Amino acid sequence: MNRARGQTAFARAAWALLAAAQLAACTPPVQAPGTPAPATAAVCTFTNPVARGADPWLEFRDGYYYMAQSKNQEGQSSTIWVFRSRKLTDPMRDSVKVWTAPDTGWNQTHVWAPEIRLVDGRWYIYYAAGRPGPQDAPFIYQRAGVIRAAGNDPQGAYEDLGQLDTGGTLATHADDVWAIDFTVHRFNGQLYGMWSGWENNTPLARTPQYIYIARMSNPHTISGPRAQISAPTESWERREDPVDGLDLNEGPQVLARGGQTFVVYSTRESWLRSYRLGMLRLNSPTADPMLPSSWTKTGPVFAEANGVYGPGHNGFAKSPDGTEDWIIYHAKVDTGPNWNRVIRAQPFTWNADGSPNFGQPVASGVPLRVPSGEPCGR
């Protein structure tokens with residue numbers, strides 16, 4: 001998931017990884033000397049990581065991938081930027097600043113994990129932000145908010161639609177309970193919001209996080225009570241560090257195919273190498289997504305391997321021609337406890353039971369074929 005937490009400067013290791021990455025190397029097929037060139041096209045490859053950043057989600061429209069990222073620099077206003085690229089493997093091109101946090105109010109700082117979505121013909125960006133907390137708990141005021149493009153251009157002007165009611169209007173909760181990583185999905189025609197949140201507001205920094213869901217009357221209004229559908233209860237979800245650790249579920253993302261629906265989420269501490277992905281499967285197409293009993297949990301479905309540390313907070317995308325499925329995620333650049341991260345991408349397949357098979361993270365520097373239909377070269 002998440003935790004763009006202040007977006008400090010990347011460690012030198014991140015720059016080394018990015019400098020080594022071949023973002024689009026076209027390698028011709030091997031042939032014997034003196035033989036005619038084969039009719040097949042050159043094989044275009046890339047290597048991970050594909051960008052520096054975190055919490056990636058891509059929307060593909062009219063031949064372009066759009067991705068939102070936040071910038072939080074000390075002494076400057078927090079901002080949200082939208083990137084546009086024809087290449088899934090080079091997503092951070094053509095950047096435009098679309099929103100600046102206000103100097104005061106609930107969303108003045110700590111802007112995290114903006115997610116751009118096209119919903120009902122309009123562009124929205126869901127994000128987390130807060131007001132400054134105490135020195136020992138700076139992020140205890142995080143809430144979910146939404147901005148909407150004023151027109152049809154995802155890189156145009158946006159209007160602030162305010163904070164989302166992630167307390168879910170429950171009588172036992174305040175209306176603005178701590179929340180991050182908001183996303184949306186339609187189940188059987190009904191729009192729902194889904195996010196990572198606390199059970200109650202608290203001054204404690206190390207507070208467990210759960211996955212919540214609620215109905216929405218439109219893309220910017222929660223219209224009913226929230227329901228908790230996942231808690232970090234399994235051994236592979238529980239904190240790695242018994243002293244400074246945290247039990248969390250965050251970064252929910254929906255993946256649907258062939259009548260089946262999955263929620264892939266991040267778990268364990270986001271600043272440690274053991275950060276990984278878990279998965280919920282909706283038990284049937286007609287099951288009520290608001291009921292915890294409608295979901296079956298498995299995991300971990302994607303975890304540290306091949307020198308890739310803390311893979312998590314992912315997105316999903318199709319190749320440009322729509323024939324391949326890709327997972328886009330962030331990972332740490334080293335094994336230390338920090339949020340120095342880069343964005344990575346690789347294809348995934350499907351199991352016989354219809355569930356996704358993400359395999360293992362592919363090591364840095366290993367050539368992979370570019371997504372089908374992606375242009376070769378820069």
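Strand β13, residues 190-197, is mostly covered in this predicted model. Seven of its eight residues are buried. The strand has a partner on either hand, β12 and β14. Strand β12 spans residues 179-187 and runs antiparallel to β13, with seven bridges joining the two. One bridge pairs Thr 183 with Met 194 of β13. The strands β12 and β13 form a hairpin with two residues between them. Asn 188 in this hairpin adopts a positive phi near 50 degrees. Strand β14 covers residues 210-218. Its pairing with β13 is also antiparallel and comprises six bridges. Here Trp 195 has Tyr 212 of β14 as its bridge partner.

Strands β8, β9, β10 and β11 form an open sheet, in that order, with antiparallel pairing. The edges are β8 (109-119) and β11 (158-163), each of which pairs on one side only. From one strand to the next, the twist averages 25 degrees. Strand β9 spans residues 122-130 and is joined to β8 by seven bridges. The two run antiparallel. Within this pairing, Leu 118 is matched with Trp 123 in β9.

Over the chain as a whole, the secondary structure amounts to one helix and 25 strands. The chain has 378 residues, of which 54% are buried. Long-range contacts were also counted. Of the contacts between residues at least 6 apart in sequence, 54% join residues at least 24 apart. The exposed area of the chain is about 15,500 Å². Carbon and sulfur atoms supply 51% of that area.

The whole structure contains 16 salt bridges. One of them joins the side chains of Arg 117 and Glu 59, at 4.0 Å from N to O. Arg 117 belongs to strand β8 and Glu 59 to strand β4 (residues 58-61), so this salt bridge ties together parts 58 residues apart in sequence. Both Arg 117 and Glu 59 are buried. A second salt bridge links the side chains of Arg 143 and Asp 176, with an N to O distance of 3.7 Å. Its partners come from distant parts of the chain, 33 residues apart. Arg 143 sits in strand β10 (residues 143-149), and Asp 176 sits in the loop between β11 and β12. Arg 143 has a relative accessible area of 8% and is buried. Asp 176, at 31% relative accessibility, is partly exposed.

A further salt bridge pairs Arg 215 with Asp 288, their closest N and O atoms lying 3.9 Å apart. Arg 215 is in strand β14, while Asp 288 is in the loop between β19 (276-282) and β20 (295-302), so the pair ties together parts 73 residues apart in sequence. Arg 215 is partly exposed, with a relative accessible area of 33%. Asp 288 is likewise partly exposed, at 28% relative accessibility. Salt bridges with shared partners also build one network out of Glu 59, Arg 61, Glu 115 and Arg 117.

Val 370 lies in the segment after β25 (368-369). The relative accessibility of Val 370 is 12%; this is under 20%, so the residue counts as buried. Its C-alpha atom is separated by 5.1 Å from that of Thr 45, a residue 325 places away along the chain. Leaving aside residues up to four places away in sequence, Val 370 touches Cys 44, Thr 45, Phe 46, Glu 324 and Trp 326.

Model confidence varies along the chain. The average pLDDT is 89, and 87% of the residues score at least 70. Two segments have pLDDT under 50 throughout: residues 1-24 and residues 27-39. For residues 1-24, the model has 86 contacts beyond four places in sequence. For residues 27-39, the corresponding count is 10.

Technical notes:
Residues are numbered from 1 along each chain as its sequence is written. This is a predicted model: local features need pLDDT of at least 70, side-chain atom pairs count only at pLDDT 80 or more; totals for chains, interfaces and linings use all residues. Side-chain values use heavy atoms; hydrogens and water are left out. pLDDT is the predictor's confidence in each residue, from 0 to 100. Contact means heavy atoms within 4.5 Å. Buried means under 20% relative accessible area, exposed over 50%, partly exposed in between (1.4 Å probe, protein chains only). Helices (H or I, at least four residues) and strands (E, at least two) are DSSP runs, numbered from the N terminus. Two strands pair if DSSP finds at least two bridges between them. Axes are lines fitted to C-alpha atoms, for helices over the stretch in contact, and angles run from 0 to 180 degrees between N-to-C directions. Accessible areas come from the Shrake-Rupley method with a 1.4 Å probe; for residues, only the protein chains shown count as cover.
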